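Me: I would like a close look at one group of side chains, with every cut-off spelled out so that I can reproduce the analysis. Please also follow the group into its surroundings where you can.

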Amino acid sequence: MSSFGSLLNRIFRFYYEGFTTMSWWGKRIWIILLIKLFVIFIVLKLFFFPDFLKKNYKTDEQRSKHVLEQLTK
Amino acid sequence: MFENVDLSLVNWSRAQFALTAIYHWLFVPLTLGLSFILAIMETVYVRTGDEEWKRMTKFWMTLFGINFAIGVATGLILEFEFGTNWSNYSWFVGDIFGAPLAIEGILAFFLESTFVAVMFFGWNKVSKKAHLVSTWLVAVGASLSALWILVANGWMQNPVGMVFNPETARNEMVNFWEVLFNEVSVTKFLHSISSGFLLGSMFVVSISAYYLLKNREILLAKRSILVAGIFGFLSSLLVVYTGDISARALASAQPVKFAAFEALYEGKEKAGLVAVGLLKESDRKIGEKAVNDFVFRIEIPGFLSVMTGGSTDTFVPGIIDLINGNPERGLLSVSEKMERGRKARDLLIEFKEARKSNDTEKAEGIAALFRDKKFNDEYFRYFGYASLNKPEDAIPGVKVAFYTFHVMVMLGMLFILEFFLAIVLLFRGTLRKNRWFLWLVLFSILLPYVAGELGWMLAEMGRQPWIIQDLMPVTTAVTNVNVGSVITTFILFAVLFTVLLIAEVSIMIRQIKIGPKH
């Protein structure tokens with residue numbers, strides 16, 4: 001195995017052993033963390049927090065025009 | 001403009017952002033403070049080889065890990081809100097925010113995936129020194145991560161180092177160093193991280209007090225109080241010092257906020273600092289807004305002038321001077337600022353019209369004016385005032401600013417006393433006998449959280465109506481979305497964050513009850 005491959009293998013084993021030998025609180029925290037990330041990135045971002053300007057205007061020029069209108073109302 | 005805006009939308013959008021920020025700040029300061037305490041404890045372990053210090057480090061690291069994991073990514077929701085609920089603001093500041101937030105994102109990612117992993121998984125896999133370096137890098141990296149967020153926030157309080165480009169309707173960074181070393185950002189960063197150090201120290205001292213009250217883990221508790229007591233005492237002094245320089249920066253960048261947190265209406269020399277006071281609304285008014293008078297106050301004579309300019313002869317402008325103007329002191333009235341802001345806005349309207357009618361020469365001439373320093377200093381810096389209806393719209397909630405500031409300062413004084421007493425009693429060997437003191441510090445565990453949140457309320461509510469000082473009021477910044485959807489997400493956040501907080505507290509309490517491994 002090349003030295004780079006060996007390094008990757010060592011990094012993989014480092015994380016793998018770390019996760020598999022985790023204590024009860026660590027495992028519980030990881031479950032909470034994964035649920036939280038799912039809620040934040042999938043539920044909230046996709047369904048509740050679209051980027052208003054990206055969603056409603058196709059180009060940066062259109063977005064600039066819209067904001068300019070808001071600034072000069 | 002205010003009458004054209006749905007104020008319930010503005011208020012709900014602000015409430016939603018405030019809720020998210022308040023919850024986020026419950027997790028951040030403990031990470032900032034506890035990480036340094038861990039690093040100090042582990043350094044002692046590596047230098048002495050004493051296994052008890054390793055056991056202590058591992059125990060506090062467990063609590064650090066719970067807080068870190070539950071809190072991580074809660075700040076990202078604030079960025080979602082920028083894009084959805086504050087899109088005008090987000091676009092207007094885009095280039096200034098882009099750089100610091102990108103640096104923060106990259107730093108946080110590498111920090112979390114590399115050094116935090118070594119800290120938790122690497123005890124028997126890397127050398128003692130490599131592990132210690134990782135722990136220190138987590139501590140330093142967490143504070144550096146906070147730096148970039150506070151640079152962005154500092155720019156909102158005191159916008160510098162940019163020019164407005166009417167072509168793109170965005171501010172563009174022209175001087176990175178001016179943005180980075182913005183006086184408000186630097187002082188805000190130092191004040192925020194030192195308050196985090198204080199909070200982490202109080203957390204350790206309080207839980208150690210719990211063990212002493214329970215008569216268990218005596219050595220761990222005493223050594224923890226030794227480290228956190230000294231670190232907390234030094235941090236609490238640093239909080240006072242950075243609060244002082246922060247106030248001085250505010251006095252020049254946000255004088256209305258500065259006057260509001262002292263409820264100072266009439267400017268004067270030899271202005272006193274109110275130590276304690278109670279406000280009530282009087283019959284006097286500035287425009288339509290009532291002036292608050294003191295029911296009673298205890299004042300430190302001349303101290304506010306000293307805080308502002310280093311001498312009792314320094315004139316501290318009051319709210320009335322700042323709203324009505326004071327030509328003798330070179331203070332423009334808000335009416336004059338509104339006039340100047342409107343000139344800048346009219347020019348922007350002319351630019352828009354010129355572009356529509358393809359009058360390139362005129363449009364380029366106006367765009368060049370927006371890059372001109374004199375025009376910026378005299379007109380564009382007051383751009384936001386064009387959106388105000390009445391001069392008194394520029395006054396923040398004086399009672400909120402006054403009480404948040406004074407309760408925060410009183411708590412700060414209490415923390416100094418508690419850390420000092422903890423060290424004295426520990427060195428005298430009478431800490432365990434003074435059970436009243438152990439109960440006091442145990443119940444003080446939540447007080448630094450209260451102080452930190454009050455500090456943020458002062459910073460953000462005290463600068464109303466601005467989202468970007470003098471350039472953009474919150475009413476212009478908000479996205480015109482359905483208020484019902486904002487209320488829905490507000491409730492969603494309240495539920496999500498409360499569940500996370502309950503999870504954190506319950507897992508932590510369980511770990512504290514179990515105690516360190518033997």
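Which residues form one aromatic cluster with B:Phe164?

Reply: This is a predicted model, in which local features need pLDDT of at least 70 and side-chain atom pairs count only at pLDDT 80 or more, while totals for chains, interfaces and linings use all residues; side-chain values use heavy atoms, leaving out hydrogens and water. Residues are numbered from 1 along each chain as its sequence is written, and chains are lettered from A and ligands numbered from 1 in the order in which they are written.

B:Phe164 shares one aromatic cluster with B:Phe92, B:Phe370, B:Phe375, B:Tyr379, B:Phe380 and B:Phe383. Rings of Phe, Tyr and Trp (its six-membered ring) pair if their centres lie within 6.5 Å, with planes under 30 degrees apart counted as stacked, over 60 as edge-to-face and the rest as tilted.

B:Phe164 sits in strand β1 (residues 162-165) of chain B, where B:Met162 and B:Phe164 on one side and B:Val163 and B:Asn165 on the other are all buried (under 20% relative accessible area, with over 50% exposed and partly exposed in between, for a 1.4 Å probe and protein chains only). Helices (H or I, at least four residues) and strands (E, at least two) are DSSP runs, numbered from the N terminus. Antiparallel to β1(B) runs strand β2 (residues 170-173) of chain B, joined to it by four bridges, where at least two DSSP bridges are required for a pair. B:Val163 stands opposite B:Glu172, and the two strands form a hairpin with four residues between them, B:Ala169 in the turn having a positive phi of about 60°.

Beyond this cluster, the count comes to 45 aromatic pairs over all chains. A:Phe49 and B:Phe493 are stacked because their ring centres are 5.5 Å apart and their planes at 10°. That pair crosses between chains, from the loop between α2 and α3 (52-56) of chain A to helix α19 of chain B, and both A:Phe49 and B:Phe493 are buried. By contrast, B:Phe233 and B:Phe420 form a tilted pair, at 5.9 Å centre to centre and 40° between the planes. The latter pair links helix α8 (residues 218-253) of chain B, which holds B:Phe233, to helix α15 (residues 398-428) of chain B, which holds B:Phe420, across 187 residues. B:Phe420 counts as partly exposed, because its relative accessibility is 44%.
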